[in-house]
Amino acid sequence: MVAGHSLAGRLRRIAAGLFTAFTLIALNAPATAARGAGPAFSSTDALLKWINDYRHKPDPDGLPAAVRALSGMQAFKDSETSGAYIGFIAGVLGANPDRAEILVARMLPIAPSDHWVLVRAVAYSGLPEWKEVLATFVDRMPTRRPMIDQYLDGKLPTLDQIAYQTAKPGMLDKIKVSLKLGEQPKKEVALDPTPELIDVLWGSYLATGSYEPILRMIKLLPLVNDKDSVDNLTAGSAAKFTLASNAVRDTDLLSLLELADKSQPKEVKVVLDDVIETAETVDTAHMRKESLAAIEELKQKGPNSKRELSGWGQVGQGALSMGCVVAAATGQIELGIPCVLGGAAYTAGLQYMTH
């Protein structure tokens with residue numbers, strides 16, 4: 001219970017911080033527009049609407065102004081809640097390969113401590129020459145040279161290296177590891193399935209409306225059946241719920257899910273069928289209850305690895321209730337920011353589904 005309150009409090013702080021950032025962005029937008037640096041965000045709602053409509057009305061020239069403003073408001077301070085922004089920036093860059101370097105150059109005048117966002121966005125962009133882009137700007141982001149070098153050397157993963165299924169060691173493997181017998185296998189460079197990764201994928205979808213980030217989330221759906229890993233169950237549940245709840249309002253997204261359903265392997269199709277049915281019948285309540293029931297069962301029985309037990313204190317109704325809403329107001333403007341498991345995509349990026 002204490003852990004649940006702690007998590008709920010953390011989510012409220014995240015949402016409140018994002019609201020403050022968006023409000024301050026809105027207040028500073030007229031000055032930015034006066035310099036011709038991007039669109040005029042006359043209000044917080046206008047900024048959100050721009051993000052929400054972007055995939056229908058692409059406006060890459062507006063990206064640098066938005067990123068500079070976000071940096072000024074410390075929106076990139078917490079890496080765990082920056083996933084949607086990273087995905088969005090990456091999506092815009094990837095969709096504009098001929099202008100990518102120009103856009104990056106215009107985003108550079110941000111706090112040096114925030115340059116990591118640009119580095120990761122370029123690496124996640126899917127640009128054919130993303131390494132060349134990073135190498136071009138390495139001297140202009142000296143504080144992030146070690147990070148850039150690791151991406152260039154292949155020591156940090158990109159979105160093409162998602163670990164969709166975490167390998168589970170057998171009993172003999174566990175004994176070998178415990179006794180340190182034989183040569184230990186080298187761990188492959190990969191992105192583990194996490195809510196933050198899902199944030200990135202949603203951000204990419206907001207920027208492009210493309211099939212690829214949705215397909216990547218679909219491939220994470222079988223993780224809802226993982227009875228051993230807290231992280232896997234959490235990521236799978238987040239992917240399942242957000243796909244269903246957003247497809248309720250986004251008919252294009254629902255069409256993408258129905259198209260994907262025709263070619264998925266059995267273990268994916270079973271879960272995806274449930275997502276599609278939930279979206280079609282507008283019945284996300286049952287999915288929320290199922291997620292909570294699965295967690296409660298594992299809390300009682302425990303996962304196979306007892307080391308996982310310590311993680312259960314961080315998972316509960318506060319994490320998977322999917323119903324947390326924080327309301328804030330400034331002047332005559334009121335903005336409700338829904339907060340669900342994870343970071344920015346659930347508190348801000350996915351706000352587009354409420355319009």
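**View 1. Helices α7 and α8 run roughly antiparallel to each other (an angle over 145 degrees, on a scale from 0 to 180 degrees between N-to-C directions).** In this predicted model, α7 (residues 130-137) packs against α8 (residues 145-152) at about 155°, and their axes, lines fitted to C-alpha atoms over the stretch in contact, lie 10 Å apart. Helices here are DSSP runs (H or I, at least four residues) numbered from the N terminus. The crossing of α7 past α8 is left-handed (the near helix is turned anticlockwise from the far one by less than a right angle).

**View 2. Here are the residues where α7 meets α8.** Look for W130, K131 and L134 on α7, in contact (heavy atoms within 4.5 Å) with I148, Y151 and L152 on α8.

**View 3. Now for the buried residues of α7.** W130, V133, L134 and F137 are buried (under 20% relative accessible area, 1.4 Å probe, protein chains only). These residues sit on the same side of α7, because they cover an arc of only 95° around the axis, taken from the directions to the C-beta atoms. Their cover includes α5 (100-107), α6 (115-124) and α8.

**View 4. Meet E297, a residue of helix α15 (residues 285-301).** E297 is partly exposed (between 20% and 50%), at a relative accessible area of 37%. Its C-alpha atom is 9.5 Å from that of K227, and the two residues are 70 apart along the chain.

**Notes.** Residues are numbered from 1 along each chain as its sequence is written, and side-chain values use heavy atoms, leaving out hydrogens and water. Local features need pLDDT of at least 70 and side-chain atom pairs count only at pLDDT 80 or more, while totals for chains, interfaces and linings use all residues.

Definitions and conventions. Helices (H or I, at least four residues) and strands (E, at least two) are DSSP runs, numbered from the N terminus. Angles under 35 degrees count as roughly parallel, over 145 as roughly antiparallel, 65 to 115 as roughly perpendicular and the rest as oblique.
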